[in-house]
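Trainee: Could you take me through this model step by step, so that each answer can be followed on the structure itself?

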Amino acid sequence: MDLIVTHQAADFDALGSMVAAKKLYPDSKLMIPGSPEKAVSQFLNFFQDIIKIEKEKECDISDIARLVIVDTRLASRIGKARQLLSRKIPIFIYDHHPPAAQDIKATAGRSEELGATTTLLADQLLKKKIDISPIEATIMALGIYEDTGALTYLSTTKKDIDAVGFLFSKGASLKIISSYLNRRLDPIQTSILIRFLNLAKSYNFAGKRVIITAISSSRYIQDLALLTHKLRDTEGCDAIFCLVELPDRVQMVARSQCFDIDVGAIAVKLGGGGHNLASSGIVKDLSLKQVEERILDFLGRQMKSKASLTEEVVLQEPDRIEGGIVRPLLKKDITKKLQKALPQRILRVLKTVGRIADKNNISVFAVGGFVRDLMLGVKNLDVDIVIEGDIQKFAKKLAREFNAALVLHKKFKTATIVMKDKSKVDIATSRTEHYH
């Protein structure tokens, strides 16, 4: 019996590679270490009768005679399959990442720096004239499309394009592929994305803009790769590092849009893996601050340039027009405006609201006339707040914090906090409403 395994936090390229490898090694079982990415997990739930994936805890590896590893060459990323490395069994590896000193030594297999590992295996199926079903072709094409940004990333090669052509000739469904690649963020993912944006730091390395952003979380974030892509597209930066401080480790995903910044090499130094344009890893025995410092150090060595911290644009301010050009309003400007326009008691209220929201993983926004008048420098002490989350729980926590009265309007999903000095904070839930 053979075992086909891939890396932790498996993406669609990992899944596509496993499905392709199963065609090459039919007497095998498939195992994903840990939990795959959220979208992959949803896909597997839908197609569980077609793709049989063993759960790592339940997978019996005692009778494995050959180990096939796809989309990674690092022992630290294959979970309990690592136990098989000490046995004298053949190890076949298929991977598209560049070689590293920590790589597992393979008996056979194939590695080539392509846009996706699935491309390597699809090429083998084509050469061996092994037939594949439309759903198998769809899964493989989905893996190539995801890892190459629908054939638009700089890492894409002619072989990736040829592999996609072969898979479409076998019935790959573009409708299914599109539904998973163009998926919208759910409210929790949107909330996390906003936290990343708010905490992003921008650095300049020899003219290249690099974003490093970090948040804390009590649990592992499954779709961090998706969020990193969204952030990179939003920021338009040359490279981005997204870090999540977990109770016992630091989760990291990085993306680059230029070959000057090799995020794969940096990930390897931190115990992760990847290639020059995309990487990820779990960093143990280092604090979040230490991880950030090491990333900056590695970047400086790569670029042979010292980092300079740059200001981040938050929004456009309509009253600052010079020569027909709207000047950007910076974070420091907003802080100055808040301190100048608001009395200390209002500032304390806003800080408390923000602190409780962060503690409960809730996105909160100041909205309406309060924001408009702040930009215009007009006095307005009526604070309107919008949250993404359970307004009843949040409002009750705020009322207890302020020792204030609470008025709930459940029908309209709004609440009012009435302070002892009779000042009010109005809270609403972000929502869609329809009126006749």
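Trainee: What share of the accessible surface of the chain belongs to carbon and sulfur atoms?
Mentor: This is a predicted model, in which local features need pLDDT of at least 70 and side-chain atom pairs count only at pLDDT 80 or more, while totals for chains, interfaces and linings use all residues. Residues are numbered from 1 along each chain as its sequence is written, and side-chain values use heavy atoms, with hydrogens and water left out. Accessible areas come from the Shrake-Rupley method with a 1.4 Å probe, and for residues only the protein chains shown count as cover. The accessible surface of the chain is about 22,000 Å², and the share from carbon and sulfur atoms is 52%.

Trainee: What percentage of the residues of the chain count as buried?
Mentor: A residue is buried under 20% relative accessible area, exposed over 50% and partly exposed in between, with a 1.4 Å probe and protein chains only. Among the 436 residues of the chain, the buried part is 50%.

Trainee: How many helices and strands are there in the chain?
Mentor: Both are DSSP runs numbered from the N terminus, with helices (H or I) of at least four residues and strands (E) of at least two. On that basis the chain has 14 helices and 20 strands.

Trainee: How far apart are the end C-alpha atoms of helix α10?
Mentor: The expected span of a helix is 1.5 Å times one less than its number of residues. Helix α10 covers residues 288-303, so its 16 residues should span 22 Å, and this agrees with end C-alpha atoms that are 23 Å apart.

Trainee: Which elements do the buried residues of α10 pack against?
Mentor: The buried residues of α10 include L288, V291, I295, F298 and L299, and E292 is also one of them. In general, an α-helix has 3.6 residues a turn, so residues three or four places apart point the same way. Taking contact as heavy atoms within 4.5 Å, the buried residues of α10 pack against β7 (201-205), β8 (208-216), β9 (239-245), β10 (250-256), α9 (263-269) and β12 (278-283).

Trainee: What is the relative accessible area of D285?
Mentor: D285 is found in the loop between β12 and α10, and its phi is positive, near 65°, in a residue other than glycine. D285 counts as exposed, because its relative accessible area is 77%.

Trainee: Is K129 buried or exposed?
Mentor: K129 lies in the loop between α3 (117-127) and α4 (134-148), and although it is not a glycine it has a positive phi of about 55°. Its relative accessible area is 76%, so K129 is exposed.

Trainee: How many aromatic pairs are there, and what kind of pair do Y25 and F92 form?
Mentor: Rings of Phe, Tyr and Trp (its six-membered ring) pair if their centres lie within 6.5 Å, and planes under 30 degrees apart count as stacked, over 60 as edge-to-face and the rest as tilted. The count by this rule is 8 aromatic pairs. For Y25 and F92 the ring centres are 5.8 Å apart and the planes lie at 85°, so the pair is edge-to-face.

Trainee: How many residues apart in sequence are the parts that this pair ties together?
Mentor: Y25 is buried at 8% relative accessibility, and F92 is buried with a relative accessible area of 16%. Because Y25 lies in the loop between α1 (12-24) and β2 (28-32) and F92 in strand β5, the pair ties together parts whose separation in sequence is 67 residues.
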